[in-house]
Amino acid sequence: MAGTVYKESSHAFRKFKSDFMMAVTVAATIVTLIPLFLVLGYLVFKGATSLNWAFFTHMPTPVGEKGGGMANAIVGTFEVVGIACLIGVPIGIGAGLFLAEHRLGRFADTVRFCADVMMGVPSIVVGIFAYAVLVHPMGRFSTLAGSVALAIIMIPLVTRTTEEMIILVPHELREAALALGVPQWKTSLSVIVRTALSGIATGVILAIARIAGETAPLLFTAFGNRFWSTSLVQPIATLTVQVYTYAISPFPDWQRQAWAGALVLTVIVLALELGVRWVTRAPAKAAR
Amino acid sequence: MAENVAVVGRETRRRVRVRLFGDRVFNLVTLGLAAIVLILLFALAIALIVDAMPAIRKFGFSFLVTSDWDPVNDLYGALPFIYGTAVSSAIALAIAVPLSLGVALCLSEMAPDWLSRRLGFLVDLLAAIPSVVYGLWAIFVLGPWLRDYVESFLGTYLGFLPIFAGPKVAVGMFSAGVVLAIMVIPYISSVCTDVFRVVPPTQREAALALGATKWEMVRMAVLPYGLSGIIGAIILGLGRALGETIAVAMVIGNSPQISASLFAPAATLASVIANEFAEATSDLYVSSLIALGLVLLGLGIVLNVIARLLVAAVARQRFDSSR
C-alpha cells in the first residue's frame, strides 16, 4: 500500500525531503533568534556608551541643554509598579485561592473564564479604562491611575498562576491538616499556600516583569513628569514612557538617553525573569 | 461528672462555632476577591461603552465604515485604523506563522531534550523584552535596514504590484508588520510546541512503523492531530498583534490614510489611541478614540475566547484517546 502512495518517490528522495524539511525547521529557529541577539546587542552597544552616573542621579534637562538623566523616571517606575503590586497581588492570590478551592463550581468557572479573557484585553484598553474611572473624574493624571491600570493587567496573571500552583499541592497535605483538627482557613493559609509559596512568588515576579515593561497603559494615566512626583494624585515619570518620548523626539541627545533608558529597563525586566527561573529551576511558564 | 461533660460540650461547641466563623470569613474574603476579577471585566466593558456613547450616537454604524478622521471639523471614522490594524497584523502573521511552526517542530521533533529546553528559553526571552525597546530598535535599526535592503529589493523585482510600489520609507506599514512578527512569534511557537508535545507517542510510532520518514510522520501524525491547536495558537498571536501598541505607534508613521502600498505610513486602532488620546481636545474626539478602544476590546475578547476553545480541544482529544 505504501508503495502506491509514494510510487513517484524513491526511498532516497523521501529521505532527502525529510532531511531538508527538518533542516528548514532548524533554519527557522535560527532566523527567529537573530532579532533577539540583535536587539540585545544594540542595547548593550548603544545603551552602554550612553550610560553614565548622571543618568541615574540627575533630572531630565530642558531641550537643547546637554546632560541630565532619568533619576525621577527610574524611581517612578519602582513607585508605580510597587503600588500596582499592593493592589494586584492580594486580589490575584485571593482569587486564585478561591478558584483552586472551588474547582468545579459554576461561579468559579465564570471567574476563571473572565480571568482568561482579561489576559486577551489589549493593555491600551486597560489604560482607557483607568482614564475613564480615575483620571477623568479627578481631573488630572495621577500615579494612582497608572498603578491601577498596571494592577488590572497583573491580576489575571497572578490569579491563574496561583491557582495552578495550589492545585499541584498534594491532597494528602490538606487531609492531614484537617484530620488534626486545623480549621479550613488555617489549613489553606498555613499549609496549602505555604507549600505552594515559591510557585506563587514565581508567578508574581513574572507578572511584575511583565507590567514593568508596559508603556501603553501609562501614557494617559501616569502620563509623565519632568520633576519628582511627591503625591499619589500627581502625574509621575516612568522609564517606559520616558524612553518612548525620547525615542520619537528629534533631538540626538534625547535619543541617546532613550537607548540608555531602554538598557536599564531591559536589565531590570530580564533580571526579574532570569532571576526567578534560576532560583526555581523549573521552567514555570506564565499563563498566557 | 455530668457537669464536666456539659462544660466540655459547651467548650467544644464554642470552638466549633469560632472555627466555622473563621471558615466563613475566609470563604467570603476569597469569594469577594474572585468576584473582583469578574466585576473588573464587566466594569471595563461598561465604562468603555458609556464613554463611547456620544460617538456611537453621533455617527452610528457608519463610524466603522467611513474613512474621514478629521479632528479639526470634529468628524471621525474608524476605517483607516481598522484597515491599518488588519493589514499590519496580516503581514505579521504571514511572517510569524511559518517561522513559529518551524521553531515548534524543531523544538518538539528535532532538538534533543537539553537543547530544546535552552532554545525554548531563548525564544521565550523574545516575549520578555518590553515593547518600547522593540520600538526603539525598530526606529533606529530595523526600519532603515528594511528600507535599504528588503523594501528596495521587493520594489525592484515586484514593484509592478501596487502593494510593493511607491516610495520606500523606514516608517510605515511594512516595518510595523515585521516588528509585530518578531513580537508574536514567541506566543505562537510556545503554544504550538506544547500542542505538538501532547500528540500521543502511539500516533508517531504508528506512522514510523508504516515506514514513514520523519517529515512524513510529522505530516501524517503530528500536524493533523494538532491542527485545531495550531489554529488556536495563530488566533492567539493575532490577538496579540491587534492589541500591540507602543512598538507599532513608533514605526508605523501614524497617518490616518488607506494606501495601496505596504511601504506607506499608516495607523492602527491602538497606535492612534496612544498618539492622540492625551491631546484630544473636544469631547467627541475623546469619545471617538474610546469607541476605537471598544472595537479593540471586542476583537480581543472574541479572538481570545475562540483561541482558548481551540487549544483546549486538543487537550481534550488527548484525554479521550488515552482512555
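**Entry 1: A:S188**

In which helix of chain A does A:S188 lie? I looked this up in a model that is predicted, and I found A:S188 in helix α9 of chain A. I then asked whether A:S188 counts as buried or exposed. Its relative accessibility is 0%, and A:S188 therefore counts as buried, since the cut-off for that class is under 20% relative accessible area.

For its surroundings I set aside the neighbours within four places in sequence, and noted that A:S188 is in contact with A:E101, A:R174, A:V193 and B:F26. The list thus takes in a residue of chain B, namely B:F26. With A:E101 I could say something further, as the side chains of A:S188 and A:E101 are joined by a polar contact of 2.4 Å.

**Entry 2: where chain A meets chain B**

The contact with B:F26 led me on to the interface of the two chains. I noted that 87 residues of chain A are in contact with 84 residues of chain B, and that about 7,500 Å² is buried between chain A and chain B, with carbon and sulfur atoms giving 78% of that area.

How many salt bridges does the rule find across the interface of chain A and chain B? It finds one. I traced a salt bridge between A:R14 and B:E216, in which the closest N and O atoms are 2.8 Å apart. For polar contacts, the count between chain A and chain B is six residue pairs, both residues being at pLDDT 80 or more.

I next went through the elements on the side of chain A that touches chain B, and those giving two or more residues include α2 (11-50), α4 (71-101), α7 (143-167) and α12 (252-280) of chain A. Helix α9 (184-195), where I had begun with A:S188, is also among them. The largest share of this side comes from α2(A), which gives 21 residues. Sorted by class, the side of chain A that touches chain B has 60 nonpolar, 17 polar and ten charged residues.

**Entry 3: the two domains of chain A**

Turning to the interior of one chain, I noted that chain A is divided into domain 1 (1-48) and domain 2 (54-287), whose C-alpha centres lie 36 Å apart. Seven residues of domain 1 of chain A are in contact with six residues of domain 2 of chain A. The area buried between these domains is about 520 Å², and carbon and sulfur atoms give 86% of it. On the side of domain 1 of chain A, the residues that lose the most area to domain 2 are A:L43, A:K46 and A:G47, which together make up 74% of what that side buries.

I looked for polar links here as well, but the rule finds zero salt bridges across the interface of domain 1 and domain 2 of chain A, and the count of residue pairs in polar contact, both at pLDDT 80 or more, is likewise zero. The residues of domain 1 of chain A that touch domain 2 divide into five nonpolar, one polar and one charged.

**Entry 4: the two domains of chain B**

For chain B the domain assignment gives domain 1 (1-59) and domain 2 (62-322), and 40 Å separate their centres, taken over C-alpha atoms. The contact takes twelve residues from domain 1 of chain B and 13 residues from domain 2 of chain B. Between them these domains bury about 1,000 Å², of which 79% is on carbon and sulfur atoms. In domain 1 of chain B, I noted B:L48, B:A55 and B:F59 as the residues that lose the most area to domain 2, together 54% of what that side buries.

How many residue pairs in polar contact does the rule find across the interface of domain 1 of chain B and domain 2 of chain B? It finds four, with both residues at pLDDT 80 or more, whereas it finds zero salt bridges there. The residues of domain 1 of chain B that touch domain 2 divide into ten nonpolar, no polar and two charged.

**Entry 5: two residues of helix α12 of chain B**

I ended with B:L296, which is found in helix α12 of chain B and which, at 1% relative accessibility, counts as buried. Not counting residues up to four places away in sequence, B:L296 touches A:P122, A:I124 and A:V125 in chain A, and B:L242, B:L269, B:A270 and B:I273 in chain B. B:L296 and B:L242 are 54 residues apart in sequence, and 7.5 Å apart in space, C-alpha to C-alpha.

B:A312 is found in helix α12 (residues 283-322) of chain B. Its relative accessibility is 34%, and B:A312 therefore counts as partly exposed.

Definitions and conventions. Residues are numbered from 1 along each chain as its sequence is written. Chains are lettered from A and ligands numbered from 1 in the order in which they are written. This is a predicted model: local features need pLDDT of at least 70, side-chain atom pairs count only at pLDDT 80 or more; totals for chains, interfaces and linings use all residues. Side-chain values use heavy atoms; hydrogens and water are left out. Domain bounds come from an automatic or database domain assignment. Contact means heavy atoms within 4.5 Å. Buried area is the accessible area (1.4 Å probe) that two parts lose on being put together, summed over both. A salt bridge is a side-chain nitrogen of Lys or Arg within 4 Å of a carboxyl oxygen of Asp or Glu. A polar contact is a pair of N or O atoms within 3.5 Å; within protein, one must be able to donate a hydrogen and the other to accept it, and residues adjacent in sequence count only if both atoms are side-chain atoms. Ala, Val, Leu, Ile, Met, Phe, Trp, Tyr, Cys and Pro count as nonpolar, Asp, Glu, Lys and Arg as charged, and the others, Gly among them, as polar. Helices (H or I, at least four residues) and strands (E, at least two) are DSSP runs, numbered from the N terminus. Buried means under 20% relative accessible area, exposed over 50%, partly exposed in between (1.4 Å probe, protein chains only).
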